[in-house]
Amino acid sequence: MKKIKIGIIGAGRIGKIHADNLLRIPEVEILAVSDLFAGPDLEAWAASRQIKTVTKDSHELIDNPDIDAIFICSSTDTHVPLIQLAALAGKHIFCEKPICMDITQTEAAIAAVNQAGVKLQIGFNRRFDHNFKRVREVVQGGTIGDPHIVKITSRDPNPPHPDYIKVSGGIFMDMMIHDFDMARYVAGSEVEEVYAQGNVLINPVFAEHGDVDTAIVTLRFQNGALGVIDNSRQAVYGYDQRVEVFGSKGSVTVANDHPNTAVISTADAVVSEKPLHFFLERYQAAYMEETQIFIDCLLNDKPVPVSGYDGMQAERIALAAKLSSRLGRPVKVSEALDLLKQTSVSQ
């Protein structure tokens, strides 16, 4: 049996999730893990999974001729140089989102991948969720006719730690970027224009870092459809993830996943479970499937389902949304980079 040999850069929460999923695939062997803060705890974790090499130096993985593919799970500011180095070394790449917060750097990373002829998959795991995949299938199959309205709700159960907020890139690049990708995915069309509004309604710490915690974005797609995305950093009832596409012949809607579907009805109330608490529970199966599909693409030389181009398009929409929120007007995705150069809004 041919085995794909993997190196994982970044052994935080998401890196360990990918590692455990990879270990469930018979055709995979994890040769090494690198992390800037590697120490006894990480070494013990790796040993319990028969991962022989733990290092602080990511170059050891990239330069290792036995490694076929690199999983980049480190901080966003490291993604572009690591992608470029991995591509130059002939490694296939799985990279967590976003590729970068600077679109020109994202373009440079994609150019390096294309020049090297390696595969690059971006970690938009929600595309592999059983609910959202079904929405895509229904729309693409023509069951609901031409899409007219796309509605996406994404609300976290708790705000991130203040230390994370200051380096997150803001709600549009950090949180809503998943929804921008989902909008393209379910609508089957590129986003042409965005109009974003945001406010600080949960915690003033967001304002201290030039960010918002509550936002609504309206979209105009190239195929004429319209979209609405709403995000909140705190939904007290749990992780709120819903999508609806309304079309000329009907609509398709998916609701939240729950621990169970029991609904208890009495004279006092009708009660059901709250949604699954957060993304680790909600998208556990989606993380596994995106990993399996990436490995299958390497084994059988197939195109990856979420390319560098997809990652770049989501970033372009996020930039347009950030500019729209600051400028108080709609922004065309095509004008975002030029507009950025004319304003003081940082990416």
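**Close-up 1. Pro162 in helix 7, a partly exposed residue of this predicted model.** Pro162 has a relative accessible area of 36%, which places this proline in the partly exposed class. Its element is helix 7, covering residues 162-165. Leaving aside residues up to four places away in sequence, Pro162 touches Val205 and His209. If you would like a distance to try in your viewer, take Pro162 and His277: 115 residues separate them in sequence, and their C-alpha atoms are 20 Å apart in space.

**Close-up 2. Ala262, just ahead of strand 13.** Ala262 sits in the loop between strand 12 and strand 13, the latter spanning 263-265. With a relative accessibility of 41%, Ala262 counts as partly exposed. Its contacts, not counting residues up to four places away in sequence, are Val271, Ser272 and Glu273. For Glu273 there is also a backbone distance to check: the C-alpha atoms of Ala262 and Glu273 are separated by 7.5 Å, with the two positions 11 residues apart along the chain.

**Close-up 3. The hairpin of strands 11 and 12.** Strand 11 (residues 240-247) and strand 12 (residues 250-254) run antiparallel and are joined by 5 bridges. The hairpin connection from strand 11 to strand 12 passes through 2 residues. A bridge pair to pick out here is Glu244 with its partner Thr253 in strand 12.

**Close-up 4. The enclosed cavity beside strand 11 residues.** Searching the whole structure turns up 1 cavity of 30 Å³ or more. The largest cavity has a volume of about 30 Å³. Its lining consists of Arg126, Phe132, Ile152, Thr153, Ser154, Asp179, Met182, Gln241, Arg242 and Val243. At least two lining residues come from each of strand 7 (147-155), helix 9 (177-187) and strand 11. Sorted by class, this lining holds 4 nonpolar, 3 polar and 3 charged residues.

**Close-up 5. Arg127, a buried arginine.** Buried or exposed: how does Arg127 count? Its relative accessible area is 10%, under the 20% limit, so Arg127 is buried. Arg127 belongs to the loop between strand 6 (120-122) and helix 6 (130-140). Around Arg127, residues up to four places away in sequence excluded, the contacts are Lys133, Asp181, Met182, Arg184, Tyr185, Pro305, Val306 and Asp310. Met182 also appears in the lining of the largest cavity.

**Close-up 6. The largest pocket and its lining.** This pocket has a volume of about 1,400 Å³. Helix 1 (13-22), helix 4 (79-88) and helix 11 (279-282) are the elements that give two or more residues to its lining. Helix 1 provides the largest share, 3 residues. In total 46 residues line the pocket, and those nearest its centre are Arg13, Ile14, Ser74, Tyr164 and Asp174. By class, the lining divides into 21 nonpolar, 15 polar and 10 charged residues.

**Close-up 7. The buried side of helix 2.** Which residues of helix 2 are buried? They include Leu42, Trp45 and Ala46. These residues lie on the same side of helix 2 because they cover an arc of only 95° around the axis. An α-helix has 3.6 residues a turn, so residues three or four places apart point the same way. Among the elements covering the buried residues of helix 2 are helix 1, strand 2 (28-34) and strand 3.

**Close-up 8. Backbone angles at Gln50, Asp301 and Pro98.** Most residues other than glycine have a negative phi, and most peptide bonds are trans. Gln50 has a positive phi, near 60°, without being a glycine. Its place is the loop between helix 2 (40-47) and strand 3 (53-55), and a relative accessibility of 64% makes Gln50 exposed. Asp301, likewise not a glycine, has a positive phi of about 50°. Asp301 is in the loop that runs between helix 12 (284-300) and helix 13 (308-327), and at 61% relative accessibility Asp301 counts as exposed. For the peptide bond, look from Lys97 to Pro98: this bond is cis, with omega near -20°. Pro98 is found in the loop between strand 5 (92-95) and helix 5 (103-116).

Conventions. Residues numbered from 1 in each chain as written. Predicted model: local features only at pLDDT ≥ 70, side-chain atom pairs only at ≥ 80, totals over all residues. Heavy atoms only, no water. Helix = DSSP H or I, 4+ residues; strand = E, 2+ residues; numbered from the N terminus. Buried < 20%, exposed > 50% of the residue type's maximum accessible area, 1.4 Å probe, protein only. 1 Å grid on protein atoms, 1.4 Å probe; cavity = no way out; pocket = protein on both sides within 12 Å on 5 of 7 lines; lining within 4 Å. Points joined across faces, edges and corners; volume = space filled by probe spheres on them. Nonpolar A, V, L, I, M, F, W, Y, C, P; charged D, E, K, R; others polar. Arc of directions from axis to C-beta. Contact = heavy atoms within 4.5 Å. Pairing = 2+ DSSP bridges.
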